[in-house]
Amino acid sequence: MPAPAKPRVPSVHTGQALYTRSFLRAYDTLVYGVNSPLTWRCTKDRLVALYDRHVSRRHLDIGVATGVLLDECRFPVPMPDLTLMDLNPHSLAAASHRLRRYAPRVHRADVLRPWGLPDGLVDSIGMFHLLHCLPGTLADKAVVFEHARRALLPGGTLFGATILGAGVRHNRSARWQLAVANRRGVMCNRQDRLEDLHAALTGVFTDHEVTVVGSVALFRAC
Ligand SMILES: C[S@@+](CC[C@H](N)C(=O)[O-])C[C@H]1O[C@@H](n2cnc3c(N)ncnc32)[C@H](O)[C@@H]1O
């Protein structure tokens, strides 16, 4: 009798390997045309509004995919100093091309390891839909908040969004997608709860705020 299939152990690699050129071509329609409004019940407009509130003239964005949110948000200056960071070279290529009007710098790095950027580099960091791709619990993922605090100038703001796996109401489509994506290792958030996000942010930042919209936690910390 064949041995039962082992569940895939999520790794840093599986969380970003999905972002091939062909997947990135479909990303905006799939994620922001279908999944965000219907499955996670948090529209792109809500996310862009969070950018509009917090994005600054010296901004670092981490986990960029196609760069759609940065493309649609309003920077406070016409020519922001923009750095794009991602582990996946296809995401960096797609986002930097889309945002070429800002001549962004690209930086390839794993957000869970030291970022290799100077301390006090930026006034704002965007981290949208990245935490739920990372392996481990929210307590394990909190190391990215430490790295973010170091990269921020005093008074700078980290802001972002992540899909919570537990403790919020999920519709049927959300339950199905969470099960499949967590089994495949492209998401790792079955245990991600609002209280753990609060705890992780409290451990690093002096002030933070989290709002839940559908299955998604929107956060800001400084
Ligand atoms: C779901 S997309 C989010 C894209 C965009 N921020 C948005 O909200 O539409 C996740 C992105 O995070 C990147 N990523 C995943 N794991 C990473 C890691 N460990 N370090 C850096 N980037 C990572 C992926 O390559 C991908 O570009």
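Author: Before we start, a residue counts as near the ligand if its C-beta atom, placed from the backbone, lies within 6 Å of it. Keep in mind that this is a predicted model.

Reader: How many residues surround the ligand, and which are the closest?

Author: Let's count with that cut-off: 22 residues surround the ligand. The closest of them are G63, A65, N88, S91 and F128.

Reader: Which element gives the most to the shell around the ligand?

Author: Two elements give two or more residues to this shell, α1 (12-17) and α4 (68-72). The one that gives the most, with three residues, is α1.

Reader: How do the residues of the shell divide into nonpolar, polar and charged?

Author: Two of the shell residues are charged and six are polar. The nonpolar ones number 14.

Reader: Which residues are buried in helix α5, and what covers them?

Author: Helix α5 runs over residues 89-98, and S91, L92, A94 and A95 are buried there. S91 is also one of the closest residues to the ligand. The cover over the buried residues of α5 includes α2 (21-40), β2 (81-86) and β3 (105-108).

Reader: Is R41 buried or partly exposed?

Author: R41 lies in the loop between α2 and α3 (44-54), and has a positive phi of about 60° although it is not a glycine. Being buried takes 20 or more other C-beta atoms within 10 Å. R41 has 19 C-beta neighbours inside 10 Å, so it counts as partly exposed.

Reader: Where is H129 found?

Author: H129 is a residue other than glycine, yet its phi is positive, near 55°. With 19 C-beta neighbours inside 10 Å, H129 counts as partly exposed. Its place is the loop between β4 (122-128) and α6 (138-141).

Key. Residues are numbered from 1 along each chain as its sequence is written. This is a predicted model: local features need pLDDT of at least 70, side-chain atom pairs count only at pLDDT 80 or more; totals for chains, interfaces and linings use all residues. Helices (H or I, at least four residues) and strands (E, at least two) are DSSP runs, numbered from the N terminus. Ala, Val, Leu, Ile, Met, Phe, Trp, Tyr, Cys and Pro count as nonpolar, Asp, Glu, Lys and Arg as charged, and the others, Gly among them, as polar. A residue is buried if 20 or more other C-beta atoms lie within 10 Å of its own, exposed if 12 or fewer, and partly exposed in between; C-beta atoms are placed from the backbone. Two residues are in contact if their C-beta atoms, placed from the backbone, lie within 7 Å.
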